[in-house]
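Biologist: I'd like to learn how to read a model like this one, feature by feature. Could you walk me through it?

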Amino acid sequence: MTDVPAAGGLRHVVLVGHPGAGTTTLVDALVRRARGLAAAATRPVARAGWSVAGSLLPLRPPAPSPSPSPFPSHRPTTALAASRLDHRGTQVTLLDVPSDLELTGALAVGLRAADAALFVVSGIDGISPRLVQLWEQCESDEVPRALVITQLDQPRAEFDESVALCQRLLGEGVQPLQVPLHAEDDSIVGLIDLLGPHLHDWSSGEPAVRDPDLEHLQLVEGLHADLVEAVLAGSEDESLLDAYLDEEPLEPAVLAREFTSAVRRGALQPVLAVVPGSAVGTQELLDLLVSAFPAPSDVPPAVLTHPDGSPAEASRVDATGPLVVELLAAVDEGTGPPCVAAPPPSVAATPPSVATAPMIEGRPSSVATTAPSDAPYLVRIRSGILRPSDQALVTARPGAELVAAHAADLQLHDVVGRAVPVLVAGELGLVHGLVPGQAWRTLSLAEEPLVLAFPALPAPPHPTALESAAGPAALLRALMPVVGRDPTARLEESVAGQVLLWSLGERHARLLLTGLDVDVRVVPVSTPPVPGPDGSPHEPYSAIEVHVPPVYARTVVSLLASRRPRWTRTEAAPAEDLTVVLTELPDAETLDLSAALAAASYGTALLLRSPARPQPGTP
Ligand SMILES: Nc1nc2c(ncn2[C@@H]2O[C@H](COP(=O)(O)OP(=O)(O)OP(=O)(O)O)[C@@H](O)[C@H]2O)c(=O)[nH]1
Ligand SMILES: [Mg+2]
């Protein structure tokens, strides 16, 4: 049998934040803490050596900073990365995703892989509209959440103000779980846990937990009461809140149980403080992840159908159930052991800025691309046990024939690349030996084929026209595996005969093209006239749909008005709190539209496009 823990001993957590909030630094600090390594932000640890969805760049530790600050300079995350740690007998997988708006493919994979989300908020920069939008998405998907305020060692950072901002923008479920305590030099040397309340004194470098002094109790009395009321407000046992308000004593174990239940229901989102440079708060955050966040077996079962589209019994996280494996993404890079403080690979610096750089220049020479047939898949075992000996694996989608999924003998690895004998329900892992470029996303046994239900992904809106001296066929061959790995990219041969790479934006396209083994040039997208119904040439138009929070709708309408629209109108999206702006624009006016919309709406706009009728139309 296997030494992997049952699904109850696992946690899969995705970390999200706005660019530079400190997400990657926080992951490193948590891994250090769990491994008993000294807190120091100068060299990161424990990144799995693979990446998914739109990036061929190996994960690189940041270069040591020349400045006296213990924090290295910012290297934006460009690919999903997994770190694994053990805490109190529980295996925790932390999924760090890019905050770049154009790399939402990796974000989507991270969200599918995780059972809970940690929102990382910088104590100085606050919250971006995009993060609010992501929060709302997690809320409607009922994903349990917590928040961590970072950068608290910076002079302008204020924990209380950050919490108040989060409460204002993200809702009343946001409640501080801690209050940081400052030393005379203003550094954070402890935390008051508001649930106890208990004092966590970090002045020795390790958390010493004790009862708070009277002075501390007075300081947090009101906050403690607010937290307890928020915990008990949604409790199934209504008598608990009444008893508390009548000042009857509340058992700490009951309060802890109700707290966990409120977090798992998504009714309460605790806010914690972490100072990665000194490790303050890391132990407390790890405790929260294992005690209050759900195990894979605690979340609602995945919706399943038979290949003919008829409903099947929902997929419970059960090793004895039918085999259901979700193919989350094909990954590149080898699956060697996690690169613990590995020396940085010698790759080129961060890609040059979008505005000035031609997209292909600066291609790192030492990037190793994996041959597509070797590319492992990042998988999530929804039910059953995946064994290397499973020979009759198929992928299926409703209404289509089953497709054999084996390319070679299966090799199974855990999420950080260590070989494992089997992968069990609830686990994330890497699988070698499956058919490459697999677009259908459920793997099951031929004798019992099943299909997972997925939300549809919007089509990528940004076209990049490409040419290669090797010719269009070689170019398409080189691009196909890259695009096959990334659900947010698409390839097309246009009516003008151009190879078009559709992506989420220019930076995304540049990442997709990095490391190709054919030469490739970006050329202007050609939008030749198309024949109309009467046979005469017409300028090609696209039907555009922009989904945006109402507050940005007017800005979006005026941006579209400057692009020769045939017409424009707005309507409310009934199910969500969004405005839909509809228009038809000449194709030539849409080439940089995704970037312009992202800038005008702080990244909150979702752009959908499809070819419009050749004749001018009316709404
Ligand atoms: N002073 C201070 N600097 C920090 C802290 N956390 C992160 N930093 C620095 O802030 C910058 C951004 O940190 P990252 O961890 O890379 O931020 P990120 O959120 O992963 O950024 P993206 O990958 O672009 O989303 C780096 O220079 C870090 O060294 C902190 O708590 N205090
Ligand atoms: Mg990062």
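Modeller: Sure, and let's begin with a term we'll need: two strands pair if DSSP finds at least two bridges between them. Keep in mind that this is a predicted model. Now take strand β30, residues 541-548: β30 and β33 pair in the antiparallel sense, over six bridges.

Biologist: Which residue of β33 is the bridge partner of Ile544?

Modeller: That's Arg609.

Biologist: What is the strand order in the sheet that holds this pair?

Modeller: It's an open sheet of four strands, ordered β31-β32-β30-β33, with antiparallel pairing. At the edges sit β31 (568-573) and β33 (606-611), each pairing on one side only. From one strand to the next, the twist averages 20°. There's a helix to add as well: α11, residues 553-561, lies across β30, β31 and β32 (578-586), and runs at about 5° to β32.

Biologist: What should I keep in mind about side chains when I look at a sheet?

Modeller: In a regular strand they alternate between the two faces of the sheet.

Biologist: Let me try another sheet, the one with β24 in it. In what order do its strands come?

Modeller: The order is β25-β26-β24-β27, again four strands in an open sheet with antiparallel pairing. Its edge strands are β25 (490-493) and β27 (521-523), which each pair on one side only. Ignoring direction, neighbouring strands here are turned by 40° against each other on average.

Biologist: How many bridges hold β24 and β27 together?

Modeller: Three, between β27 and strand β24 (residues 462-467), in the antiparallel sense. Look for Glu467, which stands opposite Arg521 in β27. This sheet has a helix lying across it too: α10 (residues 506-513) crosses β24 and β26 (499-503), running at about 120° to β26.

Biologist: And hairpins? How many residues lie between the strands in the hairpin of β3 and β4?

Modeller: Two, and Arg88 in that hairpin takes a positive phi near 50°. The strands themselves, β3 (residues 81-87) and β4 (residues 90-96), run antiparallel and are joined by seven bridges. One pairing to pick out is Arg84 with its bridge partner Thr93 in β4.

Biologist: On to helices. How do I check that a helix has the length it should?

Modeller: Multiply 1.5 Å by one less than its number of residues to get the expected span. For α4, the 12 residues at 159-170 should span 16 Å, and since the end C-alpha atoms are 16 Å apart, the two agree.

Biologist: Which residues of α4 are buried?

Modeller: First the general idea: an α-helix has 3.6 residues a turn, so residues three or four places apart point the same way. In α4 the buried ones are Phe159, Ser162, Val163, Cys166 and Leu170. They are on the same side of α4, because they cover an arc of only 100° around the axis.

Biologist: What do those buried residues pack against?

Modeller: They pack against several elements, including β5 (116-122), α3 (129-140), β6 (145-150) and β12 (269-273). Right after α4 comes Gly171, with a positive phi near 115°.

Biologist: How many residues of α2 are buried?

Modeller: Eight of the 10 in α2 (residues 104-113), so that helix is mostly covered. Among them are Thr104, Leu107, Val109 and Arg112.

Biologist: How do I describe two helices that pack together, say α1 and α8?

Modeller: Give the angle and the distance between axes. Helix α1 (residues 23-35) and helix α8 (residues 282-291) pack at about 90°, with axes 9 Å apart. They are therefore roughly perpendicular to each other. At the meeting point, Ala29, Leu30, Arg33 and Ala34 of α1 meet Thr282, Gln283, Leu285 and Leu286 of α8.

Biologist: Last one: is Val431 buried or exposed?

Modeller: The cut-off for buried is 20 or more other C-beta atoms within 10 Å. Val431 has 23, so Val431 is buried. You'll find Val431 in strand β21 (residues 428-434). Leaving aside neighbours within four places in sequence, Val431 is in contact with Pro376, Tyr377, Val379, Leu410 and Leu412.

Biologist: And the protein overall?

Modeller: There are 12 helices and 33 strands, and buried residues make up 45% of the 619 residues.

Key: Residues numbered from 1 in each chain as written. Chains lettered and ligands numbered in written order. Predicted model: local features only at pLDDT ≥ 70, side-chain atom pairs only at ≥ 80, totals over all residues. Axes fitted to C-alpha atoms, helices over the stretch in contact; angles between N-to-C directions. Contact = placed C-beta atoms within 7 Å. Buried ≥ 20, exposed ≤ 12 C-beta atoms within 10 Å, placed from the backbone. Arc of directions from axis to C-beta. Parallel < 35°, antiparallel > 145°, perpendicular 65-115°, else oblique.
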